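Subject: Structure for your review

Dear colleague,

Please find below the structure that I am handing over to you, together with its sequence. My notes on it follow directly after.

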Amino acid sequence: MRTIRRFLMWVVAATVWVASTAQAVEVGDVVTLPEVQLLDGKRVPGDAWRGHPVIIATWASWCPFCALQNPRLQKLADATRGTDLRILTISIDANPQLARDYVAKRNFSFPVTMESDALCAATGPRKGLPELIVLDANGRVVRKEVGEMLEDDVADLAQYAHPAHSHKK
């Protein structure tokens with residue numbers, strides 16, 4: 001019994017140590033996005049992001065800075081439609097229905113998923129809200145912003161978009 005108790009204490013201690021050493025991704029790191037389920041029910045496999053620049057924006061319905069930035073992200077999504085740029089937004093709301101209602105009320109069409117263990121493992125702990133990460137086509141973090149981005153700054157993210165190429169075989 002004592003051996004089992006020691007083993008369990010070791011497992012708990014190791015888990016706490018690993019969780020405390022998790023690092024947020026920074027510029028230069030490589031991120032591999034997992035499969036995600038969007039609020040509309042659609043599943044997007046992890047390999048769908050590969051080979052494309054990706055903007056990952058984390059937000060919450062109760063965040064006043066997110067409320068200012070998200071319409072700017074929608075404008076960016078509209079402006080870069082038909083390019084190879086992908087946008088994934090992540091809601092950290094406790095209840096997915098809050099996020100659905102928020103998105104529907106504002107007519108946002110950008111993809112939204114809920115925060116998950118797999119996404120947290122891929123991007124590390126957040127440093128604030130909103131948080132935005134830009135990945136190049138190889139998954140390398142080329143930009144990271146914590147806090148609200150102004151309209152011109154969000155519009156400048158279009159520089160990562162390139163015309164989509166048709167790959168006919």
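A salt bridge joins the side chains of R43 and E35, with N and O 3.7 Å apart. E35 has a relative accessible area of 46%, and because the buried class ends at 20% and the exposed class begins over 50%, this residue counts as partly exposed. Please bear in mind that the model is a predicted one.

In total, the structure contains 9 salt bridges. Another of them brings together the side chains of K75 and E151, with an N to O distance of 2.7 Å. This pair connects distant parts of the chain, since K75 belongs to helix 2 (residues 64-79) and E151 to helix 5 (residues 151-155), 76 residues apart. E151 is partly exposed, its relative accessibility being 40%.

A further salt bridge is formed by E26 and K144, whose closest N and O atoms are 3.7 Å apart. E26 is located in the loop between helix 1 (2-21) and strand 1 (36-37), whereas K144 is part of strand 7, so the pair ties together parts that lie 118 residues apart in sequence. The two partners may be set side by side: E26 is partly exposed at 30% relative accessibility, while K144 is buried, with a relative accessible area of 15%. Through shared partners, salt bridges join E26, K127, E131 and K144 into one network.

Turning to the overall architecture, the chain has 5 helices and 7 strands. Read from the N terminus, its elements follow the order α-β-β-β-α-β-α-β-α-β-β-α. The chain has 169 residues, of which 40% count as buried. Its accessible surface amounts to about 10,100 Å², and carbon and sulfur atoms contribute 56% of that area. Of the contacts between residues at least 6 apart in sequence, 69% join residues at least 24 apart.

Five of the strands make up an open sheet with the order 5-4-3-6-7 and mixed pairing. Strand 5 (112-114) and strand 7 (141-146) are its edge strands, each pairing on one side only. On average, neighbouring strands of this sheet are turned by 20° against each other, direction ignored. K144, the salt-bridge partner of E26, thus belongs to an edge strand, because it lies in strand 7.

Within the sheet, strand 3 (residues 54-59) and strand 4 (residues 86-91) pair in the parallel sense over 6 bridges. I56 has L88 of strand 4 as its bridge partner, and W59 stands opposite S91 in strand 4. Strand 4 is largely enclosed by the rest of the structure, because 5 of its 6 residues are buried.

Helix 2, which carries K75, was also examined for its length and its packing. At 1.5 Å a residue, its 16 residues should span 22 Å, and the end C-alpha atoms are 24 Å apart, which agrees. The buried residues of helix 2 are C66, Q69, N70, R72, L73, Q74, L76 and A77. These buried residues pack against strand 3, strand 4, helix 3 (96-105), strand 6 (131-135) and helix 5. Helix 5 is therefore linked to helix 2 in two ways, because the buried residues of helix 2 pack against it and the pair K75 and E151 joins the two helices.

Two points of backbone geometry remain. The peptide bond from L129 to P130 is cis, with omega near -20°. P130 is found in the loop between helix 4 (117-123) and strand 6. N107, although not a glycine, has a positive phi of about 55°. This residue sits in the loop between helix 3 and strand 5, and N107 is exposed, with a relative accessible area of 64%.

Which residues would I suggest viewing together as a salt-bridge network? They are E26, K127, E131 and K144.

With kind regards

Technical notes
Residues numbered from 1 in each chain as written. Predicted model: local features only at pLDDT ≥ 70, side-chain atom pairs only at ≥ 80, totals over all residues. Heavy atoms only, no water. Pairing = 2+ DSSP bridges. Helix = DSSP H or I, 4+ residues; strand = E, 2+ residues; numbered from the N terminus. Axes fitted to C-alpha atoms, helices over the stretch in contact; angles between N-to-C directions. Salt bridge = Lys/Arg side-chain N within 4 Å of Asp/Glu carboxyl O. Buried < 20%, exposed > 50% of the residue type's maximum accessible area, 1.4 Å probe, protein only. Expected span 1.5 Å × (residues − 1). Contact = heavy atoms within 4.5 Å. Areas by Shrake-Rupley, 256 points an atom, 1.4 Å probe, with all protein chains shown as cover.
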